[in-house]
Amino acid sequence: MEPNTRDTPLRRFSTYVWGTALMLGVCIVAIVLYPLFQPDRKEYEDAYQEHAELNAKLKEIHEKQAAELESYNYDPELAAENLLNKVKK
């Protein structure tokens, strides 16, 4: 087997420099093209408004459910104890 005479430190360094330059070039192209593929800002604002409306509805539902539970004088500890007693029987 003959030794590999083509593998030299200069070739390795040159390969490293070319690889780094290629990666830097791809990053620059990505940074330049990134704004072109972004959705409109208005879409975000619309989604935010819809989300705020849903949160308001959910808050109203939770308040009604809490009021309903309080009207029953619901005690979670007592309910758990009753459930355990039923399971033991």
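This briefing covers the fold, the confidence, the surface and the charged pairs of one protein chain. The model is predicted. Its chain holds three helices and zero strands. Buried residues make up 0% of its 89 residues. The radius of gyration is 33 Å, where a compact globule of 89 residues would have one near 12 Å.

**Overall shape**

- From the N terminus on, the elements run α-α-α.
- The C-alpha trace spans about 90 × 50 × 15 Å along its principal axes.
- About 9,200 Å² of the protein chain is exposed. Carbon and sulfur atoms supply 63% of that area.

**Confidence**

- Mean pLDDT for the protein chain is 87. A value of 70 or more is reached by 99% of the residues.
- Confidence is highest in helix H1, at a mean of 96.
- It is lowest in helix H3 (residues 76-88), at a mean of 84.

**Helix H2 and what follows**

- Helix H2 covers residues 41-71, which is 31 residues.
- At 1.5 Å a residue, H2 should span 45 Å. Its end C-alpha atoms lie 46 Å apart, so the two values agree.
- Asn73 follows H2 and has a positive phi, near 55°.

**Nonpolar surface patch**

- Seven side chains make up a nonpolar patch on the surface: Leu24, Ile28, Val29, Val32, Leu33, Leu36 and Phe37.
- Together they offer about 730 Å² of accessible area.
- Val29, one of the patch residues, sits in helix H1 (residues 9-33).
- Val29 has 47% relative accessibility, so it counts as partly exposed. The partly exposed class runs between the 20% limit for buried and the 50% limit for exposed.

**Salt bridges**

- Side chains of opposite charge can pair when their charged atoms come close.
- The count here comes to two salt bridges.
- One joins the side chains of Asp7 and Arg12, at 2.6 Å from N to O.
- Asp7 is partly exposed, because its relative accessible area is 37%. Arg12 reaches 56%, so Arg12 is exposed.
- Another joins Lys64 and Glu60, whose closest N and O atoms are 3.4 Å apart. The cut-off for such a pair is 4 Å, so this distance qualifies.
- Lys64 and Glu60 are four residues apart in helix H2, so about one helical turn separates them.
- Lys64 is exposed, at 55% relative accessible area. Glu60 is partly exposed, at 43% relative accessibility.

Terms used:
Residues numbered from 1 in each chain as written. Predicted model: local features only at pLDDT ≥ 70, side-chain atom pairs only at ≥ 80, totals over all residues. Heavy atoms only, no water. Patch = residues over 30% accessible without salt bridge, like charges linked within 9 Å, V, L, I, M, F, W, Y side chains within 5 Å. Areas by Shrake-Rupley, 256 points an atom, 1.4 Å probe, with all protein chains shown as cover. Helix = DSSP H or I, 4+ residues; strand = E, 2+ residues; numbered from the N terminus. Buried < 20%, exposed > 50% of the residue type's maximum accessible area, 1.4 Å probe, protein only. Expected span 1.5 Å × (residues − 1). Rg over C-alpha atoms; globule rule 2.2 N^0.38 Å. pLDDT = per-residue confidence, 0-100.
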